[in-house]
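User: I should like to work through this model feature by feature, with the general idea stated before each case. Please show the structure, and then let us begin.

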Amino acid sequence: MTPAAGIGFKPQHYHEALASPAAGLWFEVHAENYMVAGGPRLAMLEELRSKRELSLHGVGMSLAGAAEPDLEHLTALKRLVDRFEPALVSEHLAWSRLDGRCFPDLLPVPRTNEVLARCAANIGRVQDTLCRQILIENPTHYLTLRDHSWSETSFLAELARRSGCGLLIDVNNVVVGAHNTGFDACEWLDAIPGERVGEVHRAGHSSDAEGSLLIDSHDEPVSEHVWDLYEQFVARIGPRPTLIERDGNLPAFAELMRERAQAQGILTGDIALAA
Amino acid sequence: MAVYRNTIFHGAVEALRANYPVVEQILGTEMFDHVAVDFASTCPPQTPVLAHYGAEFADWLVHQKWIDDLPYLPDVARVERLHVDCLLAPDEESLSREQIKRIGSVRNGTLRLHPAMRYAWLCTPAMTIWLAHQGTVPAKIAPEWKSEGALFARPTPFVIHAPRIGPAAHRMLSGIRLGETVSACMLAADRLYPHEDCTAVFASLVNLGAFVAPARERN
């Protein structure tokens, strides 16, 4: 995939997405939303794929969980990958399953040697099944766990080295985590090995009711701060496929495309990069 | 920690909202949110694929203390479930009128129900209520308080039919599901419901895409 900008696909935008003439436009979907037997969802994705590159973004593999990836879930992902041949496949450094119960969230893990080995092995199982590399996304943080023995950036770099996975860097998650748990977002991004990065996410965030926490809510336009950090990041590592994520307060397709055009301008050098 | 707890509920609540939009319209958003959190606490997701979430919702509603004020609501939820199941089911080409002509003596043969077709008989006018909520503004209705059938058929991925059905159609579909021949189904339906035109009812089920051809007749 050429390093162009894409947007998260929403069924409400189906006809505009199909008709868009934008060069290099690609679409990302949550893999779990398409793990169904048939019907309009899969038919829409089929039509979209006939015109555009796709990225499958998983939210339920629980790679940092205590158990190996669920075989049924992995088989469903393999079926999607084989059918749609996406340009990118990604998942999260998080867990969401425990003792047969599923939590529709991306829960944090302590970055220990044990968790590193377990994550690397789980990523290896997924990549072996899919016969391809996957990208792993940095999670959002809302609290500081006490038991970390690795920094997040060195953990991600080592995870990529051991498993052969690539990295999906969500700049908004970095900004939200930096605010909530007190680290420096610029330093964090500077410590990421650029050659491992296969995709970048950018989204909007909001404040919680008390105003003390930032929430990775995906319901606002991308913030100025995230734009600035993104420009600096791309200036250092070079252009990468970049997604505009929006889930809540879904705006018109044209508005998302305006944000997408801004990212595309940065990627192609039409908009001056930060010094 | 509260953020994680809220996010876990948020995912389940939004999945339930997506699958039960008419229940939400009837309850109002605020009450639906409370009901959905209660439901998610009792029946948390068992899989990360939330498209199917909430299969037990109608049965759970039956046991809520406040349901006596809305006795039709569990049936409306059952109708919404039929709709969701129809939308997510496998695709297959449905039996066409041309195929029936080719088959000739279809009356003496058996058919299969289309894999995306869902139907049920309900003790309340829940399908009438569901249909009235499909416009941008709910239609004003005064449904007759009697039982009725609901059918969802999806002959192609993007075409969905959602009619009310009568007892003869329900009897025919149930017979075909159990492997009766078309003629046996029609005879039984005709005896039970002589006021209905069973030939016309069968033709309308074919037109809706309720059946697929017998294996030997495909291609």
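User: What percentage of the residues of chain B count as buried?

Analyst: The model is predicted, and burial is judged here by counting neighbouring C-beta atoms. Of the 219 residues in chain B, 39% count as buried.

User: Is there a single residue on which the count can be followed? For instance, is B:Cys185 buried or exposed?

Analyst: The cut-off for a buried residue is 20 or more other C-beta atoms within 10 Å. B:Cys185 has 24 C-beta neighbours inside 10 Å and therefore counts as buried. B:Cys185 is placed in helix α9 of chain B, residues 182–192. Leaving aside residues up to four places away in sequence, B:Cys185 touches B:Arg171, B:Met172, B:Gly175, B:Ile176 and B:Glu180. The C-alpha atoms of B:Cys185 and B:Thr199 are 11 Å apart in space, with the two positions 14 residues apart in sequence numbering.

User: How is chain B organised as a whole, and into which domains is it divided?

Analyst: A chain may be described by its secondary structure, its extent and its domains. Chain B contains 10 helices and six strands. Its C-alpha trace spans about 65 × 40 × 30 Å along the principal axes. Domain 1 covers 2–70 and domain 2 covers 90–217, and the C-alpha centres of these two domains of chain B lie 30 Å apart. Sequence separation gives a further view: among contacts in chain B between residues at least 6 apart in sequence, 67% join residues at least 24 apart.

User: How should one read the contact between the chains, and how many residues of chain B take part?

Analyst: The size of an interface is often given as the accessible area lost when the parts come together. Here the description is by residues: 24 residues of chain B are in contact with 24 residues of chain A. On the chain B side, α1 (2–19) and α5 (73–88) each supply at least two residues. The largest share, six residues, comes from α1(B). By class, the chain B side has 18 nonpolar, four polar and two charged residues.

User: Turning to helix packing, at what angle do the axes of α3 and α4 of chain A cross?

Analyst: A helix pair is read from the approach of its axes, the angle and the handedness. In chain A, the axes of α3 (residues 71–84) and α4 (residues 113–130) come within 10 Å and cross at roughly 40°. That angle makes α3(A) oblique to α4(A), and the crossing is right-handed. From α3(A), the contact is made by A:Leu74, A:Leu77, A:Lys78 and A:Val81, and from α4(A) by A:Val126, A:Thr129 and A:Leu130. Five of these residues are nonpolar, one is polar and one is charged.

User: Which backbone angle deserves attention at A:Glu85?

Analyst: The angle to inspect is phi, with attention to its sign in residues other than glycine. Phi of A:Glu85 is near 40°, a positive value in a residue that is not glycine. A:Glu85 lies in the loop between α3 and β4 (88–92) of chain A. A residue counts as exposed at 12 or fewer neighbours, and A:Glu85 is therefore exposed, with 12 C-beta neighbours inside 10 Å.

User: Where is A:Cys131 found, and is A:Cys131 buried or exposed?

Analyst: A:Cys131 sits in the loop between α4 and β7 (135–137) of chain A. A:Cys131 has a positive phi of about 60° although it is not a glycine. Because A:Cys131 has 9 C-beta neighbours inside 10 Å, it counts as exposed.

Note on methods
Residues are numbered from 1 along each chain as its sequence is written. Chains are lettered from A and ligands numbered from 1 in the order in which they are written. This is a predicted model: local features need pLDDT of at least 70, side-chain atom pairs count only at pLDDT 80 or more; totals for chains, interfaces and linings use all residues. Domain bounds come from an automatic or database domain assignment. Axes are lines fitted to C-alpha atoms, for helices over the stretch in contact, and angles run from 0 to 180 degrees between N-to-C directions. Helices (H or I, at least four residues) and strands (E, at least two) are DSSP runs, numbered from the N terminus. Angles under 35 degrees count as roughly parallel, over 145 as roughly antiparallel, 65 to 115 as roughly perpendicular and the rest as oblique. A crossing is left-handed if the near helix is turned anticlockwise from the far one by less than a right angle, and right-handed if clockwise. Two residues are in contact if their C-beta atoms, placed from the backbone, lie within 7 Å. Ala, Val, Leu, Ile, Met, Phe, Trp, Tyr, Cys and Pro count as nonpolar, Asp, Glu, Lys and Arg as charged, and the others, Gly among them, as polar.
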